[in-house]
Amino acid sequence: MKEALLVLAAGAGLALLLVLTLAAFGQDVGTSLRLLADGAFGDKYGIGRTAVRACPLILCALGLTVAWRAGMYNIGGEGQYLTGAVAGGFIYQVVSGVGPVVFHVVGLLGAAAAGAGLAWFAGWLEVKRGVQVVISTILMNFIVLKLVEWLVRGPLQEPNGLLPTSERLSREMMLARPDPQTDFHIGIWVVPIAILATWFWLYRTRAGFLNRAVGENQHAVRAAGQKPAHLRLRAMMISGALCGLAGGIDYMGWAGQISDGFSQEWGFIAIPVALLGALNPFGVAAAGVYFAALFAGSKELERFSQLDSSVVLVVQAAAVLGIVWAASWMKNRQQGGSE
Amino acid sequence: MSRSSPILEARGVSRSFGAIQALDSIDVQIMPGEVHAVLGENGAGKSTLMNIFGGFLAPESGDVLVDSVPAPSGSPRAMRKLGVALVHQHFMLVPEFTVAENLALDQMSDLVGSLEMAEPLDKARRQAGDLGWEIDFDAMTRQLRVGEQQRVEILKALCTEAKIIILDEPTAVLSKDEISEFVRIVRALRDSGKTIVLIAHKLSEVFAMADYVTVLRGGRIVHSGPIGEQTDESLAQAMVGDPPALAQRSLVEAAGVLLRADEIEVKGDRGNLAVRSASLEVRSGEILGLGGVDGNGQIELGEALAGIRPASGVIERPKQIAYLPQDRHKDGLVLSMPLWENLLIGQLDSDLFAFGVLKRSAALHWAADVMDEYEVKAESVHAPARSLSGGNQQKVLAGRTLSQHPGVIIAVNPTRGLDVRAAAFVHDRLLQARQDGAAVLLISTDWDELAALADRTLFMSRGKLQQELLGDGK
Amino acid sequence: MTWILVIIGIFRFAAPVAFAAIGETISEKSGLINIGIEGIMMMAAFTAALVSEVTGSPWLGLAAGAGGGLVMGDIQSGFVIRLAADQIVVGMGLNLLGIGLSRTLYRIRWGGADAIVQVPELPDFGGWADPVVLTLPFVAWGAHWLIFKSRWGLAARAAGEYPEAAESAGFSVQMIRFKAHLLGALLAGVGGAYLSLGISGSFSEELTAGRGFVAIALVTFGRWKPMGVLGAALLIGAAEQLQFWLQGLGLGVPHQLFGALPYVLALAVLAASVQRTRAPQALAQPYIKVK
C-alpha cells in the first residue's frame with residue numbers, strides 16, 4: 001500500500017517535472033504534451049519508435065543496476081553497448097553466409113560476451129589493481145568510441161570502401177519486423193524476459209542476494225566466507241553482457257549497420273534510468289518506458305518547435321536530483337535527527 | 001560537601017538521540033587538579049557527556065560551565081579556547097599525515113595564510129621533552145603503535161595549553177605494560193596542575209588513578225564520591241544495578257581436536273606478516289581463549305582459521321565454521337537490509353536454497369524462529385537491521401552463527417560494546433555451545449571475559465602466540 | 001621558433017581539461033568527487049558564448065562562464081554537502097542538467113541543431129597566446145601551494161583523509177568542502193568558457209566532447225597533485241596535437257587510433273601505478289555532522 005503510494009507519487013512527480021520543464025522553456029505546455037504523446041503513442045509508428053528506444057535504455061539500465069547494486073559504479077554502459085554492436089558486426093563478417101538464425105543467435109551471444117569481457121576488464125582493474133570502475137569505464141568509453149571510428153573506416157568498412165560505415169544488413173539478416181512499416185522488431189521481446197530474469201536473479205537467488213549484499217557491505221559478505229572480488233567481477237560481467245546485448249540487438253534489429261553515430265548515448269542515458277528506477281528491475285522498466293516515450297515523442301516535438309530530445313535530458317536531470325532530494329528528506333525524517 | 005568551586009561543571013544537562021535518552025538532567029562538578037573518573041557500562045551515557053564537555057555535541061537542555069561561567073554549547077573551538085581538550089577513544093589523527101602535520105593541524109587558529117610547521121613543532125618538542133618522551137615527528141602517523149598515537153593525542157592537548165584533559169576510555173586500546181605507563185602519565189599530568197577527566201569502565205584502573213568518581217547508569221548519575229570511600233562491590237553495584245547471574249561453567253570433558261593449525265603464517269591487509277608461525281588446537285567441548293591487545297594479529301589469525309583470509313601452513317577444520325566477527329556494523333550486518341536477509345547471510349549453504357534459488361517462505365519462517373529463540377526484539381523479520389539496538393544486533397549475529405549448532409565457533413570480541421545483560425546472553429550461548437560439544441575459539445581483549453569463559457588461554461603479541469596460561473579450572 | 005608554437009598549441013589544447021582537472025584535484029583532496037564536471041563545462045561554455053555574443057566582449061563572456069560554473073557548483077553542493085547525498089549520483093544528475101540545458105537553450109537561442117555559432121574570441125598577445133592559457137601554469141602552481149603549503153590546504157587534506165580529525169581540530173568539514181568544491185566548479189567553468197572563447201571561438205552541441213570526464217580521470221592519473229595533473233593534461237594535449245599533425249601528413253596512419261592513445265595511456269598508467277598512490281581515504285564519503 002505504502003509502496004503503491006510512493007510509485008504513484010513518483011509518477012506524478014515525473015509528469016509534473018515534464019510540465020515544469022516545458023513551461024520553463026517558454027513552450028505551450030498543452031501543445032507540447034500533445035506532440036510528445038502523438039510522437040510516442042499516437043499510432044503504430046509512434047509505438048514502434050518508443051519500443052526500439054526502450055529496448056537499449058532498459059537493457060543497459062538493467063545491466064547498470066546489477067553492477068551498481070554490487071557497489072561497482074559502472075559508467076561504461078556506453079562503451080559496452082558499442083562493443084556489443086561491434087562484436088555483432090564482426091560476427092556478421094564470419095557467419096553471414098550461414099543464414100540469419102545462426103547469425104542472430106551467435107551474434108547476440110557474441111555481443112553479450114564482448115560487453116561482458118570489457119566490463120570484466122574494468123572490474124578486474126578495480127579489484128586487482130585498485131583503479132576505480134568509475135574512472136576506468138569513463139576512459140574505456142572514449143577508447144571504444146575512437147576504435148569504432150577507426151573500425152568503420154578499416155576492418156569493418158563496407159565492401160566498397162567508400163563510406164565510413166559497416167556493410168548494411170539485408171532485410172533477411174535483420175531481426176524480423178512483424179510490421180515492416182514500423183521500427184518494432186522481435187529482438188525487443190528480449191526486454192521483458194531480461195526484466196523478469198534480472199528481478200528473479202536479484203531477489204530470489206543466492207547469487208543475486210550476495211550481489212545486493214556485497215554492494216551494501218562487502219565486509220559482512222567476506223566474513224560470511226564469500227569473496228567480494230569474485231562477486232563484483234561477476235556483477236560487472238552481467239552488467240556488461242546486458243549492455244553488450246543491447247548493442248547487438250540495436251545493430252541487428254534497428255540500425256542494421258555501424259557508423260560513427262551508431263550510439264545515441266543510450267549507455268549514458270541509461271544511468272539516470274537505472275537511478276530513477278531505484279535500481280529495481282521493475283522500476284527500471286517503468287523509467288525506461290517513460291523516457292523512451294519522451295525521446296520518441298520529441299521527434300514530433302522537433303518538427304513543430306525549437307525543442308528536441310535535449311529537453312528530455314533536462315527532465316531526467318530534474319528527476320534524478322528530485323529523487324535524491326526526496327530520499328534525503330525521507331531519511332532525515334525517519335531518523336528524526338540521526339544518531 | 002566541602003568541595004571548592006568547580007573548574008568544569010555540567011548543570012542539568014540532557015541529551016537524547018531519537019527515542020533514546022542518552023543523558024537525563026545530569027549534574028557533575030569537576031574540581032581543579034583532580035583526576036575525576038566517570039564510570040559506567042557501555043551505553044550509560046559516558047561518551048555523550050564527554051562529547052558535550054568537549055563541545056562536539058550540544059545538550060538539549062542544561063549548561064556546561066567552565067570556571068563557573070556558562071560556555072557556548074556545541075562548539076569544540078570555544079571549549080578548546082576555554083582550556084578543555086578531549087582525547088577521543090578513536091584517535092583524531094590523520095593516518096596519512098606525519099606526526100608534525102597532525103600537531104600543526106590541531107594548533108592552527110585559523111585557515112588563512114601559509115602553513116607554518118616550525119612553531120607548533122617546537123612547542124610539541126618542548127612538551128614531549130618535559131614528559132621524557134621520544135617521538136619521531138616525521139613519521140607517518142599510521143605507522144606508530146597505538147600507545148605512541150595516544151601520546152601524540154595527549155601532546156596535542158598539552159600544546160593547546162589545555163587546563164582540563166578529558167580522556168575517553170584511554171586504556172581500552174593499550175597493552176598491560178602500556179597501561180601501567182599510562183597510569184604514570186596521568187599522575188604526572190595531575191602533578192603538573194592539570195585536571196583530568198577519565199572515562200572508564202574498568203574498576204581496577206579507576207582505583208589506580210582517580211581521586212573522585214562519578215557513576216553513570218542509563219543516562220543518570222547513580223553514585224559519586226571520593227575514591228577512598230569506594231569499594232569494588234559498591235561501584236560494581238552502582239554501575240550495573242542488580243547484576244545478572246554470572247555465567248555458569250559446567251564441567252565438560254574436552255574431547256577430540258576439531259580445529260588445528262600448524263605453523264601457519266597470515267598476511268595482514270597491508271601485506272605485512274600479521275601472524276608468524278602460529279600453532280594451536282581447539283578440542284570439542286572446550287573454549288580456547290586468545291588474549292592480547294588489538295592489532296597483534298589475533299583477528300587475522302581468527303579470519304585465517306575461519307577460512308576467510310588466506311594463510312600458509314596447515315589448517316585442519318570442518319567444512320562449516322561459525323565466525324562471529326567483532327565489528328557488528330562493519331563485518332557483521334548489512335544495516336540497510338531486513339533482519340531476515342541478515343540472518344540469511346549465515347545460511348548460504350543451507351537447504352534454504354535449492355539449486356541456488358531461495359525458498360523465500362521457508363527462509364522467512366526460519367528467520368522468525370531464530371528471532372524467537374535468540375530473543376531478538378524487533379518489529380518483524382522485515383525490519384532493517386539498522387533499526388535494532390546494539391544488543392539486539394549482536395543477538396542477530398549470534399543467532400545467525402550459532403543456530404546451526406556448528407562444530408567450530410570462532411568469536412572475536414563478541415561482547416564489545418554490549419551492556420551487561422546482552423553480554424551475559426552471548427556468554428551463555430557460547431557456554432551452551434561448548435556444552436553441546438563445539439570447539440570454541442574466543443578471541444578477546446577483555447581479560448575478565450577470558451577468565452570467565454576460557455578453559456585455556458593463549459596470548460598473542462606482535463603476531464606470535466605466546467605462552468599458554470593454564471586454565472583456572474573453575 | 002616552430003617548437004614554441006607547438007608548445008603553445010599543446011597548452012591551448014590542454015587548457016580546458018587542465019583547468020577542470022586542477023579544480024577537481026582541489027575538490028577531491030577535500031573528499032568530494034565531482035562527476036558532474038562535464039555538465040559544468042558545457043553550461044559554462046554556453047553562458048560564455050552567449051554573453052560574449054550579446055555583449056561583444058569575450059572578457060565578460062569568460063566571467064560569465066566562470067560564474068555559470070559557480071552556479072552549477074553551488075546547486076551541486078546543496079545536494080552533496082547539505083543533504084550528504086551520494087556524490088556520484090548527484091554528479092550524473094548535474095551532467096544531464098548541464099548537457100540538456102545548454103543544448104536546449106542553444107537551440108532556442110540559435111535555432112538549428114547543426115549550427116555552429118561564431119562568437120567573439122579571446123585576443124592573443126602578439127599573435128602568440130591568449131592571457132588565459134598563460135595563467136595555466138600559475139593556476140597549477142597556486143593550487144599546489146593551496147593544497148600543500150597553506151593552512152587551509154592542511155585542513156582540506158585532513159577533511160579528505162579523516163574528516164573527524166579536521167572537525168576535532170575545530171574546522172568545519174562542510175565549509176572546507178564547500179569552498180573546495182566551489183573552487184573546483186569555478187575552474188571547470190573557466191575551462192568550459194575557454195573551450196568556446198579560446199579554442200574554437202564558437203559553440204556547438206558537442207563542444208566539450210567528454211573533456212569533463214577526462215578531467216576526472218586525469219586527477220587519478222596525476223596522482224592528486226596539481227603539477228602532476230597539469231603534466232597529464234599536457235600529455236593528452238600533445239596526443240591531440242600529434243593526431244592532427246599525423247592527419248595532416250596524410251601517411252595513411254589511422255588517426256582515430258591515435259585519438260584513443262591518450263586514454264589507453266592513461267588507463268595503462270593507472271593500472272600500473274594506482275596502488276602506490278592512494279586516493280584520499282574519505283573520497284566520495286558524505287560527511288554528516290552530529291549536532
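Helices (H or I, at least four residues) are taken here as DSSP runs, numbered from the N terminus. The model described is a predicted one.

Under this numbering, A:Thr21 falls in helix α1 (residues 2-24) of chain A. The residue is buried, since 25 other C-beta atoms lie within 10 Å. Beyond residues up to four places away in sequence, A:Thr21 touches A:Val311, A:Val314, A:Val315 and A:Ala318. By contrast with these contacts, A:Val66, 45 residues away along the chain, has its C-alpha atom separated by 31 Å from that of A:Thr21.

A:Val66 itself takes part in a helix pair of chain A, being one of the residues through which α3(A) contacts α10(A). Two packed helices are described by the angle between their axes and the distance between the axes. For helix α3 (residues 44-69) and helix α10 (residues 228-255) of chain A, the axes come within 7 Å and cross at roughly 170 degrees. Angles over 145 degrees count as roughly antiparallel, and α3(A) and α10(A) are therefore roughly antiparallel to each other. On the side of α3(A), the contact is made by A:Val52, A:Cys55, A:Pro56, A:Leu59, A:Cys60, A:Leu62, A:Gly63, A:Leu64, A:Val66 and A:Ala67. The residues contributed by α10(A) include A:Ala235, A:Met236, A:Ile238, A:Leu242, A:Asp250 and A:Trp254. By residue class, this contact comprises 18 nonpolar, three polar and one charged.

Helix α12 (residues 281-304) of chain A has 24 residues. From its first C-alpha to its last, α12(A) reaches 35 Å, close to the 34 Å expected at 1.5 Å a residue. A bend of about 30 degrees occurs in α12(A) at A:Ser298. Because 17 of its 24 residues are buried, α12(A) is largely enclosed by the rest of the structure.

Chain A also meets chain C, in a contact that takes 37 residues from chain A and 38 residues from chain C. On the chain A side, α5 (100-129), α6 (133-151), α11 (266-276) and α13 (310-335) each supply at least two residues. The chain A residues that touch chain C divide into 24 nonpolar, eight polar and five charged.

The contact of chain B with chain C takes 22 residues from chain B and 19 residues from chain C. Helices α2 (76-81) and α3 (99-107) of chain B each supply at least two residues of the side that touches chain C, and α3(B) gives the most, with four residues. This side of chain B consists of 13 nonpolar, four polar and five charged residues.

Within chain C, helix α9 (residues 211-221) is largely enclosed by the rest of the structure, because eleven of its eleven residues are buried. Among them are C:Arg211, C:Phe213, C:Ala215, C:Ile216, C:Val219 and C:Phe221. The buried residues of α9(C) pack against α6 of chain A and, in chain C, against α1, α2 (37-55), α10 (226-249) and α11 (255-273). Just after α9(C), C:Arg223 adopts a positive phi of about 55 degrees.

C:Glu24, located in helix α1 (residues 2-29) of chain C, has among its contacts C:Ala215, C:Ile216 and C:Val219. Other residues touched by C:Glu24, not counting those up to four places away in sequence, are C:Asn34, C:Ile37 and C:Gly184. C:Glu24 is a buried residue, with 32 other C-beta atoms within 10 Å. C:Glu24 lies 16 residues from C:Ile8 in sequence and 23 Å from C:Ile8 in space, C-alpha to C-alpha.

Positive phi values were also found at two further non-glycine positions, C:Ala284 and B:Glu375. C:Ala284, in the segment after α11 of chain C, has a phi of about 70 degrees and is buried, with 20 other C-beta atoms within 10 Å. B:Glu375, in the loop between α12 (360-373) and α13 (390-402) of chain B, has a phi of about 55 degrees and is exposed, with 12 other C-beta atoms within 10 Å.

A second loop residue of chain B, B:Arg317, is situated between β14 (311-316) and β15 (321-324). With 18 C-beta neighbours inside 10 Å, B:Arg317 counts as partly exposed. Not counting residues up to four places away in sequence, B:Arg317 touches B:Leu259, B:Leu305, B:Gly307 and B:Val408. B:Arg317 and B:Ala261 are 56 residues apart in sequence, with a C-alpha to C-alpha separation of 8.5 Å.

Technical notes. Residues are numbered from 1 along each chain as its sequence is written. Chains are lettered from A and ligands numbered from 1 in the order in which they are written. This is a predicted model: local features need pLDDT of at least 70, side-chain atom pairs count only at pLDDT 80 or more; totals for chains, interfaces and linings use all residues. Axes are lines fitted to C-alpha atoms, for helices over the stretch in contact, and angles run from 0 to 180 degrees between N-to-C directions. Angles under 35 degrees count as roughly parallel, over 145 as roughly antiparallel, 65 to 115 as roughly perpendicular and the rest as oblique. Two residues are in contact if their C-beta atoms, placed from the backbone, lie within 7 Å. Ala, Val, Leu, Ile, Met, Phe, Trp, Tyr, Cys and Pro count as nonpolar, Asp, Glu, Lys and Arg as charged, and the others, Gly among them, as polar. The expected span of a helix is 1.5 Å times one less than its number of residues. The bend at a residue is the angle between axes fitted to the seven residues ending there and the seven starting there.
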